[in-house]
Amino acid sequence: MDNFIPAPAWPPVARPRRLRRSPWIRSLVAENTLSPSDLIWPVFVREGAGTREPVVSMPGVERLSIDLLVEAAAEAHGLGIQAVALFPVTPAERKTPDGVEAVNPENLACRAIRALKHQVPSLGVICDVALDPYTSHGHDGLVRDGYVVNDPTVEVLCKQAVTQARAGCDVIAPSDMMDGRIGAIRKALDLAGYDQVAILSYAAKYASAFYGPFRDAVGSAANLGGADKKTYQMDPANAEEALREVALDLAEGADMVMVKPGMPYLDILTRVKRQFEVPTFAYQVSGEYAMLTAAAANGWLDHDKAMLESLLSFKRAGADGILTYFAPKAARLLRHG
Ligand code: PBG
């Protein structure tokens, strides 16, 4: 409907506040809702057993050894969360310039996938495809003469995707922003017999300052040593380009697309959802989590209310689901109040 604005009158004829008078009517007219099944929980897995280690710049988030991760994931699943997104914290001695650990079927990510699928089989497992957890320079791809080279990187990413699919990963999530990688990965998965493994593309992923705490969490900040990812991740100035990126990834076979970061890019999320009408996810990234958590810790924001409002904003903007480090906390609140 066109925006309905009645002729000015006094006293007013239209009184929108009638529908805000009490909780029952507010909930009757609510346009959007948030439920635990909207949430995907990104988790950090580390080596060891019985080991948990806090991420300093993300209070409340921990790097967990596989055994504890499985327990935490089972509990989250019990709260209604349907999938986790897995991020390995690779020991420094396993990082190399070519990131070859990415294709080791015994790497941390693959062992974690197998443990999760074995012990919590009905929980979806999503795994990033990109080389940054494994490279000694911290980039998502192979570096030649100071530049992240596209096509040779895509060859390795295809092998990484097949390695993860073989370990039992349900959804492959390329987060590297190389050109043409979705098509190449789809083909590689199909040839290896994994035509049922889905692809969630980080289609519109921006070169953002809000990834800082994540890079601390996986240890890639030190590897990057101040370098940025602007030659492959998108310029925050651009919106039209995000639509071209999404169009390409869908044409190449992406089943679902993602916009990342989240709150500073809600405009992109809305445009993508409106234009393509495909399953579209938003990633409320580490820096967004850190901002909200830090303000709440200072008593400047109500933690739970700000958290739920931020998550609902993604639904309103058009997201089908949200990757968020708040997932278990939010699910518990939504379930039990
Ligand atoms: C790696 C990757 C990053 C994030 C998800 N996958 C970091 C980056 O691109 O440098 C960021 C997630 C977050 O900040 O929460 N390709």
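Author: Let's start with the word cavity: on a 1 Å grid over the protein atoms alone, a cavity is a set of points where a 1.4 Å probe fits but cannot get out, whereas a pocket is an open set with protein on both sides within 12 Å along at least five of seven lines. Lining residues have an atom within 4 Å of a point. This is a predicted model, where local features need pLDDT of at least 70, side-chain atom pairs count only at pLDDT 80 or more, and totals for chains, interfaces and linings use all residues. Residues are numbered from 1 along each chain as its sequence is written, and side-chain values use heavy atoms, with hydrogens and water left out.

Reader: Fine. What makes up the wall of the largest cavity, and which residues lie nearest its centre?

Author: Its lining has 15 residues, and Asp132, Lys205, Tyr211, Phe214 and Lys260 lie nearest the centre. They count as lining because each has an atom within the distance I just gave. The space inside comes to about 120 Å³, where a volume is the space filled by probe spheres set on the grid points, joined across faces, edges and corners.

Reader: What classes of residue line the largest cavity?

Author: Six nonpolar, three polar and six charged. Here Ala, Val, Leu, Ile, Met, Phe, Trp, Tyr, Cys and Pro are nonpolar, Asp, Glu, Lys and Arg are charged, and the others, Gly among them, are polar.

Reader: Where does the ligand sit, and what makes you say "sits"?

Author: In the largest cavity. The test is that more than half of a molecule's atoms lie within 2 Å of the grid points, and the ligand passes it for that cavity.

Reader: How many residues surround the ligand, and why do they count as near?

Author: There are 18, the closest being Lys205, Arg215, Lys229, Lys260 and Tyr325. They count because a near residue has a heavy atom within 4 Å of the molecule. By class, that shell splits into eight nonpolar, three polar and seven charged residues.

Reader: What makes the approach of Lys229 to the ligand a polar contact?

Author: A polar contact is a pair of N or O atoms within 3.5 Å; within protein, one must be able to donate a hydrogen and the other to accept it, and residues adjacent in sequence count only if both atoms are side-chain atoms. A polar side-chain atom of Lys229 is 2.7 Å from an oxygen of the ligand, so the pair qualifies. Asp128 has a polar side-chain atom 2.9 Å from a ligand nitrogen, and a side-chain N or O atom of Ser175 is also 2.9 Å from a ligand nitrogen. The protein covers 100% of the 400 Å² of accessible area that the ligand has on its own, by the Shrake-Rupley method with a 1.4 Å probe (for residues, only the protein chains shown count as cover).

Reader: How many cavities does the structure hold at 30 Å³ or more?

Author: Two. The second largest has about 70 Å³ of space. Its lining has 14 residues, with Phe87, Pro88, Asp128, Ala130 and Pro133 closest to the centre. Two or more lining residues come from each of β4 (83-88), β5 (124-129) and α4 (150-167); helices (H or I, at least four residues) and strands (E, at least two) are DSSP runs numbered from the N terminus.

Reader: And what about the largest pocket: what is its volume?

Author: About 410 Å³. It's called a pocket because its set of points is open. Trp41, Gly60, Glu62, Ala72 and Pro328 are the closest to its centre among 21 lining residues. α2 gives the most, with six residues.

Reader: Back to Lys260: why is its bond to Pro261 worth a remark?

Author: The peptide bond between Lys260 and Pro261 is cis, with omega about -5 degrees, and Pro261 lies in the loop between β10 (256-260) and α9 (266-276). Trp10 to Pro11 is cis as well, with omega near 0 degrees. Met177 has a positive phi near 65 degrees although it is not glycine. These get a remark because most peptide bonds are trans and most residues other than glycine have a negative phi.
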